[in-house]
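This report describes selected side-chain interactions and their structural setting. Please consult the sequence and the structure shown below while reading.

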Amino acid sequence: FRAVFFVDAFSPTACSLSKENFEKLAKARDSLMYLLNEDELRQSVFYLVLNVNTIEGENRTEQEEVQENALFQMLGVPEIEKQPQYKERFRKVVLNCASVAHNEPPWETVLQEISDIQVRLRLP
């Protein structure tokens, strides 16, 4: 099995410091943790996609990288990556899903990595 979890960082307010935004991120973090521990997904490759409003292939600005890292922090990604039960099967990526087709390199890279992890860990 494999799971892909999308978090919208595409909208202009995605990184705002509003109460509503914090609540959305907390809900996304809770959902992410729930799914990582769900019985049926416990032996799955799990990919977190941060959907951003940048053009693929262009260098991201320092501010964009800071915002992306802050979102990953709020989603609990550093803690997830440290946990032995997730370390080998959890990955994250930053993509503009609206500008990437299923057969283009960013998605192909994600799909290839999922396949490689499944083979390496002998996952179903």
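## Side-chain interactions in a predicted model

N96 is located in the loop between β3 and α5 (105-121). The model is a predicted one. With a relative accessibility of 5%, N96 counts as buried, because the cut-off for a buried residue is a relative accessible area under 20%. From this loop position, the side chain of N96 reaches the backbone oxygen of T54 at 2.6 Å.

The loop between β3 and α5 also contains V100. V100 has a relative accessible area of 9% and is buried. Between V100 and E58 the C-alpha to C-alpha distance is 13 Å, while the two residues are 42 residues apart in sequence.

### Strands β2 and β3

The strand that precedes this loop is described next, together with its partner. Strands β2 and β3 run parallel and are joined by six bridges. One of the residue pairings involves Y47, whose bridge partner in β3 is R91. Of the six residues of β3, five are buried, so the strand is largely enclosed by the rest of the structure.

Aromatic side chains provide a further connection between these strands. The structure holds three aromatic pairs. In one of them, F46 and F90, the ring centres are 6.4 Å apart and the planes lie at 20°, so the pair is stacked. F46 belongs to strand β2 (residues 45-52) and F90 to strand β3 (residues 90-95), so this pair ties together parts that are 44 residues apart in sequence. Both F46 and F90 are buried. Ring pairs also bring in F5, which is linked with F46 and F90 into a cluster.

A contact between a charge and a ring is found at K92. The charged end of K92 sits over the ring of F72, at 5.5 Å from the centre of that ring.

### Salt bridges

Side chains of opposite charge can pair when their charged atoms come close. In this model, the count comes to eight salt bridges. Three of them are set out in the table, with the closest approach of nitrogen to oxygen.

| Basic residue | Acidic residue | N to O distance |
|---|---|---|
| K19 | E23 | 3.9 Å |
| R29 | D30 | 3.8 Å |
| R60 | E68 | 2.7 Å |

The K19 and E23 pair lies within helix α1 (residues 19-37), where the two residues are four residues apart and thus separated by about one helical turn. K19 is exposed, at 64% relative accessibility, whereas E23 is partly exposed, with a relative accessible area of 45%. The cut-off for an exposed residue is over 50%, which is why K19 and E23 are assigned to separate classes.

In the salt bridge between R29 and D30, each partner is partly exposed: D30 has a relative accessible area of 47%, and R29 has a relative accessible area of 32%.

Which residue forms a salt bridge with R60? The partner is E68, at an N to O distance of 2.7 Å. R60 is partly exposed, with a relative accessible area of 35%, but E68 counts as buried, at 6% relative accessibility. E68 is located in helix α2 (residues 62-74). Leaving aside residues up to four places away in sequence, E68 touches L50, V52, R60 and V94. The salt-bridge partner R60 is thus also one of the residues in contact with E68.

### A buried tyrosine in helix α4

Is Y86 buried or exposed? At 3% relative accessibility, Y86 counts as buried. Y86 lies in helix α4, which spans residues 84-87. When residues up to four places away in sequence are not counted, the residues that Y86 touches are M33, L36, N37 and I80. Helix α1 covers residues 19-37, and M33, L36 and N37 are among the residues that Y86 touches.

Y86 can also be related to R42. These two residues are 44 residues apart in sequence, and their C-alpha atoms are 8.8 Å apart in space.

### Summary

The model combines a stacked pair formed by F46 and F90 with parallel strands β2 and β3. Among the eight salt bridges, the one between R60 and E68 has an N to O distance of 2.7 Å and includes a buried residue, E68. Further buried residues described here are N96, V100 and Y86.

Definitions and conventions: Residues numbered from 1 in each chain as written. Predicted model: local features only at pLDDT ≥ 70, side-chain atom pairs only at ≥ 80, totals over all residues. Heavy atoms only, no water. Salt bridge = Lys/Arg side-chain N within 4 Å of Asp/Glu carboxyl O. Buried < 20%, exposed > 50% of the residue type's maximum accessible area, 1.4 Å probe, protein only. Contact = heavy atoms within 4.5 Å. Phe/Tyr/Trp six-rings, centres within 6.5 Å; stacked < 30°, edge-to-face > 60°. Lys NZ or Arg CZ within 6 Å of the ring centre and 35° of its normal. Pairing = 2+ DSSP bridges. Polar contact = N/O pair within 3.5 Å; in protein donor to acceptor, adjacent residues only side chain to side chain.
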